[in-house]
Amino acid sequence: MSVEFNHTIVLSRSREESAHFLADVLGLEVGEPAGMFLPVTTANGVTLDFATVDIDIPTQHYAFLVSEDEFDAILARLVAGGVPIQADPHGRHPRRINRNDGGRGVYFSDPSGHGMEAFTRPYGSDPASPLNGVTEDVPGAR
């Protein structure tokens with residue numbers, strides 16, 4: 001059997017708020033609760049199991065490879081929802097997306113402060129792309 005990534009636990013202040021936020025942004029469904037977990041499953045079968053905890057939550061990063069059409073829908077939902085976006089994980093390019101590897105990418109935070117990313121081309125897939133390092137303004141973005 002080959003090794004496959006199956007699931008991860010995402011600590012949150014409110015599993016309902018965080019799971020529904022991510023599912024809504026990505027166009028996914030929230031599954032039925034499983035004990036303390038509220039699952040959101042991606043197209044490749046990886047499940048993010050959201051759990052409510054009452055501790056200081058260290059920031060984690062979760063990245064989602066999406067199609068160009070899915071990216072358009074995700075970006076539209078982020079803008080419509082007034083969710084602040086940026087082109088980089090450090091916040092140097094607010095209200096913008098990146099064009100790395102000839103694709104598009106956006107960073108945003110979930111309600112618990114985790115760094116989320118949606119992008120259309122895997123890192124390093126086109127290291128010679130003239131778009132590497134280019135960012136684009138997103139009208140109406142926060």
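This briefing walks through two helices, the empty spaces and a handful of single residues in the structure above. The model is a predicted one, so every value here is computed from it. Helix 2 is a good place to begin, with its 13 residues running from 68 to 80. After that come a pocket of about 430 Å³ and a cavity of about 60 Å³.

**Helix 2 and its two faces**

- From its first C-alpha to its last, helix 2 reaches 18 Å, close to the 18 Å expected at 1.5 Å a residue.
- Which residues of helix 2 are buried? They are Phe 71, Ile 74, Leu 75 and Leu 78.
- These four sit on the same side of helix 2 because they cover an arc of only 100° around the axis.
- If you look at the face turned away from that buried side, you will find the exposed residues Asp 69 and Ala 80.
- What do the buried residues of helix 2 pack against? Their partners are helix 1 (15-26), strand 5 (85-86), strand 6 (96-98), strand 7 (105-109) and strand 8 (115-119).
- Helix 2 is followed by Gly 82, which has a positive phi near 70°.

**Helix 1**

- Helix 1 has 12 residues, which should span 16 Å at 1.5 Å a residue, and its end C-alpha atoms are indeed 16 Å apart.
- The buried residues of helix 1 are Arg 15, Ser 18, Ala 19, Phe 21, Leu 22, Ala 23, Val 25 and Leu 26.
- Just after helix 1 comes Gly 27, with a positive phi of about 75°.

**The largest pocket**

- The volume of the largest pocket is about 430 Å³, and 18 residues line it.
- Which lining residues lie nearest the centre of the largest pocket? Look for Thr 42, Asn 44, Ala 63, Phe 64 and Leu 65.
- Strand 4 (61-65) and helix 2 are the elements that give two or more residues to this lining.
- Sorted by class, the pocket lining has 13 nonpolar, 3 polar and 2 charged residues.

**The cavity**

- Rolling a probe the size of a water molecule over the atoms shows where empty space is left.
- How many cavities of 30 Å³ or more does a search of the whole structure find? The search finds 1.
- The largest cavity holds about 60 Å³ of space.
- Its lining includes Asn 98, Asn 100, Asp 101, Arg 104, Glu 117 and Tyr 123.
- By class, the cavity lining has 2 nonpolar, 5 polar and 4 charged residues.

**Two residues with a positive phi**

- Most residues other than glycine have a negative phi.
- Arg 95, a residue other than glycine, has a positive phi near 60°.
- You can find Arg 95 in the loop between strand 5 and strand 6.
- Arg 95 counts as partly exposed because its relative accessibility is 41%.
- Asp 101 also has a positive phi, near 60°, and lies in the loop between strand 6 and strand 7.
- Is Asp 101 buried or exposed? Its relative accessible area is 6%, so Asp 101 is buried.
- Asp 101 is also one of the residues that line the largest cavity.

**Met 116**

- Met 116 is found in strand 8, and its relative accessibility of 1% is why Met 116 counts as buried.
- Along the sequence Met 116 and Ala 63 are 53 residues apart, yet their C-alpha atoms are 5.8 Å apart in space.
- Which residues is Met 116 in contact with, leaving aside its neighbours within four places in sequence? They are Leu 22, Tyr 62, Phe 64, Val 106, Tyr 107, Phe 108 and Asp 110.
- Two names in this picture have come up before: Leu 22 is a buried residue of helix 1, and Phe 64 lies among those nearest the centre of the largest pocket.

**Pro 58 and Asn 6**

- Pro 58 is found in the loop between strand 3 (47-52) and strand 4.
- With 48% relative accessibility, Pro 58 counts as partly exposed.
- The C-alpha atoms of Pro 58 and His 114 are separated by 8.1 Å, while along the chain these residues are 56 apart.
- Asn 6 lies in the segment before strand 1 (7-12).
- Not counting residues up to four places away in sequence, Asn 6 touches Gly 45, Val 46 and Thr 47.
- Asn 6 and Leu 28 are 22 residues apart along the chain, and 17 Å separates their C-alpha atoms.

Methods
Residues numbered from 1 in each chain as written. Predicted model: local features only at pLDDT ≥ 70, side-chain atom pairs only at ≥ 80, totals over all residues. Heavy atoms only, no water. Expected span 1.5 Å × (residues − 1). Buried < 20%, exposed > 50% of the residue type's maximum accessible area, 1.4 Å probe, protein only. Arc of directions from axis to C-beta. Contact = heavy atoms within 4.5 Å. 1 Å grid on protein atoms, 1.4 Å probe; cavity = no way out; pocket = protein on both sides within 12 Å on 5 of 7 lines; lining within 4 Å. Points joined across faces, edges and corners; volume = space filled by probe spheres on them. Nonpolar A, V, L, I, M, F, W, Y, C, P; charged D, E, K, R; others polar.
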